[in-house]
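Biologist: I would like a close look at a single part, a helix in one of the chains, with enough of its surroundings to place that helix in its chain. Please take me through it slowly.

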Amino acid sequence: MTKPAAATRSLVIEREMPHPPEKVWRALTQSALLADWLMQNDFAPKVGHRFNFRAPPMPHWNGVVDCEVLTVEPNRRLSYSWNASGEEAANGLKTVVTWTLTPTKTGVLVRMEQSGFRAEEEANYRGANYGWQKYVAGLERVAAGLT
Amino acid sequence: MRATATELFSTLADPTRRAIFERLSRQGEQTVHALTDGSGVSQPAVSKHLGVLKLAGLVRGRRQGRETHYRAEPQALAPLVQWMSLYGAFWRDRFDRLEDLLKRMDQ
């Protein structure tokens, strides 16, 4: 059976920060600093470098993200794949995270785009394999952020 | 037509309705009778809930003889799943932490 190409979507978050781009770049690319605000990792800013982000496992997530560095343009642009790992790899996330730094008068505009979310597949996967109840519990917790 | 995340939230906010959807997701296609049995809810109430779920695209009915068989349409959850699995909350939280780190860092 052939599958039609699934539509994908992106998440974009932008925030202006009153810091020089070089400083933000360090926070994005130095492993120890990255661990401070994102997750434990073995990141290195080299195209082709494969690494993992690791968080404590939780229900329905093994806590490990499989990544590969795709783009490194110092102080400007950084991207890496952000994929589910292990047993979750087959049906889980296959996305790309791209950071773009744009200097502003007072600092830098930090833009994060996570692209490649497959709406249909993800919904089927979660709908079929995950308890809806648990799923909703998570939704309710973050529902406050809905506009 | 696809329901928005907000419509899906309000549709599934009702615990009985959510239970019906869950049951169809887990157990596959069922008639209104089967869904009513042992649910502790009257058949008209179950039918009404199915109507709301149908409107949101979460279930689909298939007429066979005198009975309608309903099944879950999990792909209708896409806007919700997307909204959540798009890590919106996750990344906003990490942005906060990044800003906190930047404040602590030397130039």
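Modeller: What follows starts from the chain as a whole, turns to the helix, and then goes on to a hairpin and two loop residues.

This is a predicted model, so everything below describes a prediction. Chain B holds 6 helices and 3 strands, and read from the N terminus its elements come in the order α-α-β-α-α-β-β-α-α. Of the 107 residues in chain B, 30% are buried, and among its contacts with a separation of 6 or more, 59% are between residues 24 or more positions apart.

The part to look at closely is helix H2 of chain B, which covers residues 15–27. Its 13 residues should span 18 Å at 1.5 Å a residue, and because the C-alpha atoms at its ends are 18 Å apart, the expected and the computed values agree. The buried residues of H2(B) are B:Arg17, B:Ile20, B:Phe21, B:Leu24 and B:Ser25. These buried residues lie on the same side of H2(B), because they cover an arc of only 135 degrees around the axis. On the face turned away from that buried side, H2(B) carries the exposed residues B:Pro15, B:Arg26 and B:Gln27. After the helix comes B:Gly28, with a positive phi near 80 degrees.

Further along chain B, strand S2 (residues 59–64) and strand S3 (residues 67–72) pair in the antiparallel sense over 6 bridges, with B:Gln64 standing opposite B:Glu67 of S3(B). The two strands form a hairpin with 2 residues between them, and in its turn B:Gly65 has a positive phi of about 65 degrees.

In chain A, a positive phi is found in a residue other than glycine, namely A:Asn75, where the value is near 65 degrees. A:Asn75 sits in the loop between strand S4 (64–73) and strand S5 (77–84) of chain A, and it counts as partly exposed because it has 17 C-beta neighbours inside 10 Å.

The other loop residue, A:His19, is placed between strand S1 (8–17) and helix H1 (21–29) of chain A, and with 20 C-beta neighbours inside 10 Å A:His19 therefore counts as buried. Beyond its neighbours within four places in sequence, A:His19 is in contact with A:Val24, A:Gly107, A:Val108 and B:Leu102. A:Gly107 is 88 residues away from A:His19 along the chain, yet their C-alpha atoms are separated by 4.7 Å.

Technical notes:
Residues are numbered from 1 along each chain as its sequence is written. Chains are lettered from A and ligands numbered from 1 in the order in which they are written. This is a predicted model: local features need pLDDT of at least 70, side-chain atom pairs count only at pLDDT 80 or more; totals for chains, interfaces and linings use all residues. Helices (H or I, at least four residues) and strands (E, at least two) are DSSP runs, numbered from the N terminus. The expected span of a helix is 1.5 Å times one less than its number of residues. A residue is buried if 20 or more other C-beta atoms lie within 10 Å of its own, exposed if 12 or fewer, and partly exposed in between; C-beta atoms are placed from the backbone. The arc is that of the directions from the helix axis to the C-beta atoms. Two strands pair if DSSP finds at least two bridges between them. Two residues are in contact if their C-beta atoms, placed from the backbone, lie within 7 Å.
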